[in-house]
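Let's walk through this one together, a question at a time. Have the sequence and the model open beside you as we go.

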Amino acid sequence: MRVLVLNGPNLGRLGRRQPEIYGSTTYGELVALCEQWGRELGLEVEVRQTNHEGELLDWLNAAADDETPVVLNAGAWTHYSLALYDACAQLAAPLVEVHLSDVSRRPEEFRHHSVVTPHAVAVIAGRGVDGYRDALERLSRGDRG
Ligand code: DQA
């Protein structure tokens, strides 16, 4: 099974970006880890990151057409992008929402709302990069509930 792991804005700077919040694992290391976890789970994993919202929307539209399961960390777009809400609504295969930090416990009120959650079969937050492994495991089980 093919799985897309899609990352939104600023996540390309993982390891350098506020490591006290997001950890010291670099984006390159995260990509390698996701590919390794994918191999262990028998998944064909492709990891992407963009700082351009339209590019993420194009990827999600293609995933909808191809019925590809998605692991999504949409970064700050999570909290306010209605276009992202609409794109996630169209997905036909399961979507798992991931955040490195525990957004529900962070002090900024805006992080407590997600446009992705209504469309996700699971939300994994606050587990750092291990959350991506949990999300891939969740998709490899194949159940929707
Ligand atoms: C994040 C949390 C978001 O609030 C933030 O804007 C990010 C990263 C996380 O992985 O914890 O860019 O999605």
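A polar contact here is a pair of N or O atoms within 3.5 Å, and within protein one must be able to donate a hydrogen and the other to accept it. Keep in mind that this is a predicted model.

Q: Which side chain does the side chain of S81 join in a polar contact?
A: A good place to start is the location: S81 lies in the loop between strand 3 (70–73) and helix 4 (82–89). The polar contact made by its side chain has a length of 2.4 Å, and the cut-off is 3.5 Å. The partner is the side chain of E53.

Q: Is S81 buried or exposed?
A: The cut-off for buried is under 20% relative accessible area. Because the relative accessibility of S81 is 3%, this loop residue counts as buried.

Q: Which residues surround the ligand?
A: The shell around the ligand divides into four nonpolar, five polar and two charged residues. By name, the ligand is surrounded by R17, Y22, N73, G75, A76, H79, H99, L100, S101, V103 and R111.

Q: Which residue has a polar backbone atom 2.8 Å from an oxygen atom of the ligand?
A: Let's set the side chains apart before turning to the backbone. An N or O atom in the side chain of N73 is 2.8 Å from an oxygen atom of the ligand, and for the side chain of H99 the distance to a ligand oxygen is also 2.8 Å. The backbone case belongs to L100.

Q: How much of the area that the ligand exposes when taken alone does the protein bury?
A: The space taken by the ligand is the largest pocket. Taken alone, the ligand exposes 320 Å², and the share of this buried by the protein is 99%.

Q: Is W59 buried or exposed?
A: W59 belongs to helix 3, which covers residues 53–66. Buried means under 20% relative accessible area. Since W59 has a relative accessibility of 14%, this helix residue counts as buried.

Q: What is the distance in space between W59 and A93, C-alpha to C-alpha?
A: Along the sequence, W59 and A93 are 34 residues apart. In space, their C-alpha atoms are separated by 14 Å.

Q: What relative accessible area does D130 have?
A: D130 is found in helix 5, residues 130–141. Its C-alpha atom is 15 Å from that of G28, which is 102 residues away along the chain. Partly exposed covers the range between the buried cut-off of 20% and the exposed cut-off of 50%. D130 is therefore partly exposed, as its relative accessible area is 29%.

Key:
Residues numbered from 1 in each chain as written. Predicted model: local features only at pLDDT ≥ 70, side-chain atom pairs only at ≥ 80, totals over all residues. Heavy atoms only, no water. Near = heavy atom within 4 Å. Areas by Shrake-Rupley, 256 points an atom, 1.4 Å probe, with all protein chains shown as cover. 1 Å grid on protein atoms, 1.4 Å probe; cavity = no way out; pocket = protein on both sides within 12 Å on 5 of 7 lines; lining within 4 Å. Sits in = over half its atoms within 2 Å of the grid points. Nonpolar A, V, L, I, M, F, W, Y, C, P; charged D, E, K, R; others polar. Helix = DSSP H or I, 4+ residues; strand = E, 2+ residues; numbered from the N terminus. Buried < 20%, exposed > 50% of the residue type's maximum accessible area, 1.4 Å probe, protein only.
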